[in-house]
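User: Please take a close look at the largest pocket in this model and then set it in the context of the rest of the fold. A connected account is preferred to a list.

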Amino acid sequence: MTDLPTFLTANPDSILVDITGAQGSTPREAGAYMLVSPTALWGTIGGGQFEFMAIANAREMLAGTGGTAAMDIPLGPEIGQCCGGRTQLRFRRLTQAVKDELEARIAGEIERLPEVYLFGAGHVGRALAAALAPLPLSVTIVETRQEELTNLPAETKTRLVPMPEALVKDIRGGGAVVILTHDHALDFLIAREALDRSDLAYTGMIGSATKRATFASWLSRVGGGERGWMERLTLPIGGSAVRDKRPEVIAAMTAAEILTALAAYRMRSSS
């Protein structure tokens, strides 16, 4: 999707459509929004017939031929949708004040994104960075090798450090750590730092059952295994449902694991 500044430059006359309320089964939750210009769209409020209705209303407002500042849409058979819920929408022309509000909202959303740290930019690390790039996450790749930190997704942050394990303490609570370095000893050091924290949503390491057993043995010698750390370690990453070791497949399965773990963490934190 085009970034917001690019969209606004090309479409200065736009309508901001906000979901202000959602009851029952709805495609998107309250707080979702989109921008509608006479010829383009940015974002989505859920698609389907109710989004088409919202777009039509916004474009009538832009054209001066009608439109309303608010809509209350039942998502039932009468509009050709079967969600069964109800959605309230607000429509505002993009004045400077509304634009400032939108930019502040997006900045706040970016600041609150869950952090995912990928330690290692090998084949799987790169594939995972690509898989995570379009998702609502803040992704950072950590490497000890400068040459590996090239040709990554534009959204991906990078850190070049001699001791990657030292960065684990800086990850915000609720984040995720995925360990994919070229060095098993380094993998183990990073994993130990991650598992020493109880506030991370996900800690995963690339490898095999043999590597898991080796790490468990090492951990029992250096300390940590007695605290139930192994139960919180996903090793190997990507699960066993799809037996395909191509980096892109492992990345897709691992991305699903990360999203599931982040959602479960949020639910535990809010209960």
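Analyst:

**The largest pocket and its surroundings**

Among the elements around the largest pocket, α3 gives the most to the lining, with 5 residues. The model is a predicted one. The elements that supply two or more residues to this lining are α1 (4–10), β3 (41–43), α3 (96–111), β7 and α7. The pocket holds about 1400 Å³ of space. Its lining comprises 39 residues, and E109, I110, L113, L135 and P136 lie nearest the centre. Sorted by class, the lining of the largest pocket has 21 nonpolar, 12 charged and 6 polar residues.

The chain that carries this pocket has 7 helices and 11 strands. Its C-alpha atoms fill a box of roughly 75 × 40 × 35 Å along the principal axes. Of its 271 residues, 45% count as buried. Among contacts with a separation of 6 or more, 56% are between residues 24 or more positions apart.

One residue in contact with α3 is R92, which is placed in strand β5. R92 has a relative accessibility of 18% and therefore counts as buried, the limit being under 20%. Beyond its neighbours within four places in sequence, R92 is in contact with S14, I15, L16, D18, V98, E101 and R105. With D18 the link is also a side-chain one, a polar contact of 3.2 Å. The strands concerned are paired: β1 and β5 (residues 86–93) run antiparallel and are joined by 8 bridges. In that pairing D18 stands opposite R90 in β5. β1 (residues 15–23) has a further antiparallel pairing, with β2 (residues 33–36), over 4 bridges. There V17 stands opposite M34 in β2.

β7, another contributor to the pocket lining, belongs to an open sheet of 6 strands with parallel pairing, in the order β8-β7-β6-β9-β10-β11. The edges are held by β8 (157–160) and β11 (233–234); each has a single partner strand, so one side of each is left without a neighbour in the sheet. Within the sheet, β9 (residues 176–179) and β10 (residues 202–205) pair in the parallel sense over 4 bridges. I179 of that pair stands opposite M205 in β10.

β7 also takes part in the lining of an enclosed space. The whole structure has 1 cavity of 30 Å³ or more, and the volume of the largest cavity is about 40 Å³. β7 (138–143) and α5 (184–195) each supply at least two residues to its lining. The full lining consists of F119, G120, V142, E143, T144, P164, T181, H182, L186 and I190. By class, these are 5 nonpolar, 4 polar and 1 charged residues.

The loop between β7 and β8 contains N151. N151 is not a glycine, yet it has a positive phi of about 55 degrees. Most residues other than glycine have a negative phi. N151 is exposed, with a relative accessible area of 77%.

α7 is a further contributor to the lining of the largest pocket. The loop that lies between β11 and α7 (247–270) includes P236. The peptide bond from L235 to P236 is cis, with omega near 5 degrees, whereas most peptide bonds are trans. P236 is also one of the residues nearest the centre of the second largest pocket, along with G207, I237, G239 and K245. That second pocket contains about 360 Å³ of space. It is lined by 15 residues, divided into 7 nonpolar, 5 polar and 3 charged.

V124, in helix α4 (residues 123–132), gives a view of packing in this part of the chain. V124 counts as buried because its relative accessibility is 12%, with the limit set at under 20%. Apart from neighbours within four places in sequence, V124 is in contact with L180, I206, P247 and I250. The C-alpha atoms of V124 and T254 are separated by 10.0 Å, although the two residues are 130 residues apart along the chain.

Definitions and conventions: Residues numbered from 1 in each chain as written. Predicted model: local features only at pLDDT ≥ 70, side-chain atom pairs only at ≥ 80, totals over all residues. Heavy atoms only, no water. Pairing = 2+ DSSP bridges. 1 Å grid on protein atoms, 1.4 Å probe; cavity = no way out; pocket = protein on both sides within 12 Å on 5 of 7 lines; lining within 4 Å. Points joined across faces, edges and corners; volume = space filled by probe spheres on them. Nonpolar A, V, L, I, M, F, W, Y, C, P; charged D, E, K, R; others polar. Buried < 20%, exposed > 50% of the residue type's maximum accessible area, 1.4 Å probe, protein only. Contact = heavy atoms within 4.5 Å. Polar contact = N/O pair within 3.5 Å; in protein donor to acceptor, adjacent residues only side chain to side chain.
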